[in-house]
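User: Please take a close look at one buried side chain and its polar contact, and then work outward to the pockets and the charged pairs. I would like one connected account.

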Amino acid sequence: MKEPSSVTVSLSVKLLILLLSIVLIANITIGLIAYRISSKGMKKSVNNQLSTFSTDLVNQISAINEKQFNALHFLAEQRFLKDESISLQEKNYQITNIASSIGQNYENIAFYDKDGNAVTADGRVINFANRPYFQQAFNGKDFVSDPAFSTVTNSILQHYSVPVYNQNKKPIGAVVLVLSGNSIYDAIKNIDTGDGMHPSVINNKTQKTVANANENTDETVHGDIQDRTTGLGLVLDHIFNGQEGIEDFIDPNIHVHLIASYKKVPDTDWTVFAVAPYDFYFSSLSAMKNSMVLVTIAIIIISSLAIMLLITMLIKPLKTVKDSIISIASGNADLTKRINVTSKDEIGNVVEGFNMFTEKLQNIIGDIKSSKDELNNAGIEMSNSSQDTASSITEIISNIQSMHNQIRNQVGSVSQTASAVNQIASNIESLKHMIESQAAGVTQVSAAVEEMIGNIESVNNSVDKMAMSFSKLEQDAQGGIVKQQSVDDQIKKIEQQSVMLQEANSAISNIASQTNLLAMNAAIEAAHAGEAGKGFAVVADEIRKLSETSSQQSKTIGDQLKNIKDSITTVVNVSSDSSKAFSSVSQQITQADQIVELIKGAMEEQKIGSRQIIDALHNMNDSTVEVRNAASEMNEGNRSILQEIGRLQDFTATMKSGMEEMSIGAEKINETGSVLQSISNQVQESIKKIGNQIDQFKV
């Protein structure tokens, strides 16, 4: 027997790999959970801090803009600016005096008229109609420009403008403020987002930087970045589309990993871009990740040494079990050997179980060896019995074949008798069909006549109902004529009343005309009276308006009354035609009633003739029934004979089929006997082989 390979080493390696995998998975899982929780918390804290930076700067910029707009709106509400009779020079002179008293760092404050003209300090008039700060303000919108360097003043200037309306809320110009310096830059340079970096402000429409205090970045024109799908380009694309959020990215200008919060400034095209180095906030998280990796490696090394020592101690007792099993497996399968139990742990329990299994197997093999001889004797007896069975089956097959030949002869005789009886039955059946056809013809004629009588009855009933309906219809027609005459009378009364309404409407129209003349006279007299007649003039004017309204309503009523009169005339004509139609219908109903009476008399004569025909058909039907009964009795007797012949044929066929099945079964039994003999020989050979194998065991 081949000795198995180093089982102990393989098991040790498997246990070592299993335990190390558990330790590694546990440490990695704990580390990942801790890192994820720490990362999530730190990211939330950083996002809140950057969001606070951007929100604070947004509020500061909004406060700066609001301060300037409040001052401009205060100036725009001044009465002298709303007064269009005051000259442009005077308005600019007064607004300059007011601005100088405010004491701000204003470079210039001026009023621009509706054509965009403004007066300079030296008295010149210059047109600024094409400047955006004038165009937007004149269109009713507050405007603030990006801080920009001016070559005229050699300084940074910023424009604010608001619209100016007259007393009718119509725009007549704009107030424009030119602010010296970059107040937005002053606000962002005091905010440190981390590692010396400051927020910046970007214009969404121009895609240019409004203010930037970072010395190590070049963000003058953000639109130069071509790739808008990743990194800084993607963040800028979000900003230019007016979005808000917090993202981290790689700046392609300085090649540094950054994180930024960007928020829009309300009522402007600006977005605050608060950016900071990513490592400034997340360096401690990276250090924690490196420490966790080092700790995990140390734990794996220590765990490997401890697990290898433990596996060596556990596997050592199994070597004894292996040697004992190899000893039992070698030689002639000696089942009398046992393994000594040297430990009381799980391995000792395995050894005790193996000894119990070997003892039980020894008893089973002993019983099988004692049963082997009995099985061998039974095989010999089964072989002898199968030979005797084969000879008996051969004799049965010969007897079945002889009986099968006799039954085949009987089947031929029965078939000839059945043919003769079938010919007689066919003749009787033909006679029956002829009688049935005659009876069916008489029945059909009788049914047709009965149906014709029923139809005549139905026609008579319908004619009676028609006569009653025509009488009722004639009465209703007479009543309709009476009611139609009543309707004609009512329509004539309505026609007379409509004439009266027209006369009344003409009177109202005349009154309205006279009232209008009186109102005009009253207005003339009030004009003559001067101031004393103003109240009377108002009353006269109201009376004139009432007169005109009454005249218009009278004209409308007159038109409607004319339409009503035309409609009444049409109804009178239609009513006359309806009366003539009722008279014509009444005459037609009377003629139709006379025709119905003639039809009723003709149908009564038809009903009497049909009764005579049905009596003759009943007598013919009785004679046909007697002939059909006699033919049925003959047919029943012949059918009984055919049934007996059919039963005899079925019985003979059944016997023939049974004998054929018996013959087939006997042949199968004969084949089975041969197979059984072969199987008996195979069983005897198998018993010998099993005995040789069992004899190898020592019990």
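Analyst: A polar atom of the Asp113 side chain lies 2.8 Å from the backbone nitrogen of Asn117. This is a predicted model, and the distances below are computed from it. Asp113 belongs to strand β1. Its relative accessible area is 17%, so Asp113 counts as buried, the limit being under 20%. Beyond its neighbours within four places in sequence, Asp113 is in contact with Leu88, Phe134, Ile172 and Gly173. Lys91 is 22 residues away from Asp113 in sequence, and the two C-alpha atoms are 9.9 Å apart.

Strand β1 (106–113) also leads to the largest pocket, as one of the elements that give two or more residues to its lining. The others are α3 (88–102), β2 (117–119), α4 (132–138) and β6 (155–165). This pocket has a volume of about 850 Å³. Its lining is made up of 30 residues, and those nearest the centre are Glu107, Asn108, Tyr112, Thr120 and Val178. By residue class, the lining has 17 nonpolar, eleven polar and two charged members.

Strand β6, another contributor to that lining, holds Ser161. The relative accessible area of Ser161 is 0%, so this residue is buried. The side chain of Ser161 has a polar partner in the backbone oxygen of Tyr133, at 2.7 Å. Tyr133 is also among the residues in contact with Ser161 once neighbours within four places in sequence are set aside. The rest of that list is Phe69, Leu72, Ala137, Lys141, Asp142, Phe143, Val175 and Val176. Two polar contacts have now been described: in one the side chain of Asp113 meets a backbone nitrogen, and in the other the side chain of Ser161 meets a backbone oxygen.

Asp142, a contact of Ser161, brings in the second largest pocket, where Asp142 is one of the residues nearest the centre. The others named there are Val144, Asp267, Thr268 and Asp269. This pocket holds about 530 Å³ of space and is lined by 19 residues. Five of the lining residues are nonpolar, seven are polar and seven are charged. Helix α1 (7–76) and strand β4 (143–144) each supply at least two lining residues. The greatest contribution comes from α1, with four.

Asn65 is a residue of helix α1. With a relative accessible area of 5%, Asn65 is buried. Setting aside neighbours within four places in sequence, the contacts of Asn65 are Val144, Tyr160, Thr268 and Trp270. Among these, Val144 and Thr268 are also listed as nearest the centre of the second largest pocket.

Asp269, also listed as nearest the centre of that pocket, takes part in a salt bridge with Lys205, with an N to O distance of 3.9 Å. Asp269 lies in the loop between β11 (256–264) and β12 (270–277), and Lys205 in the loop between β8 (200–203) and β9 (209–212), so the bridge ties together parts that are 64 residues apart in sequence. The partners have different exposure classes: Asp269 is partly exposed at 33% relative accessibility, while Lys205 is exposed at 64%.

The whole structure has three salt bridges. Another of them joins Glu77 and Lys82, whose closest N and O atoms are 3.6 Å apart. In this pair Glu77 counts as exposed, at 54% relative accessibility, whereas Lys82 counts as buried, at 11%. A further salt bridge links Lys189 with Asp186, with 3.8 Å between the closest N and O atoms. Here both partners fall in the partly exposed class, Lys189 at 40% and Asp186 at 38%.

To return to the starting point, Asp113 is a buried residue of strand β1, with a side-chain contact to the backbone nitrogen of Asn117.

Technical notes: Residues numbered from 1 in each chain as written. Predicted model: local features only at pLDDT ≥ 70, side-chain atom pairs only at ≥ 80, totals over all residues. Heavy atoms only, no water. 1 Å grid on protein atoms, 1.4 Å probe; cavity = no way out; pocket = protein on both sides within 12 Å on 5 of 7 lines; lining within 4 Å. Points joined across faces, edges and corners; volume = space filled by probe spheres on them. Nonpolar A, V, L, I, M, F, W, Y, C, P; charged D, E, K, R; others polar. Buried < 20%, exposed > 50% of the residue type's maximum accessible area, 1.4 Å probe, protein only. Contact = heavy atoms within 4.5 Å. Polar contact = N/O pair within 3.5 Å; in protein donor to acceptor, adjacent residues only side chain to side chain. Salt bridge = Lys/Arg side-chain N within 4 Å of Asp/Glu carboxyl O.
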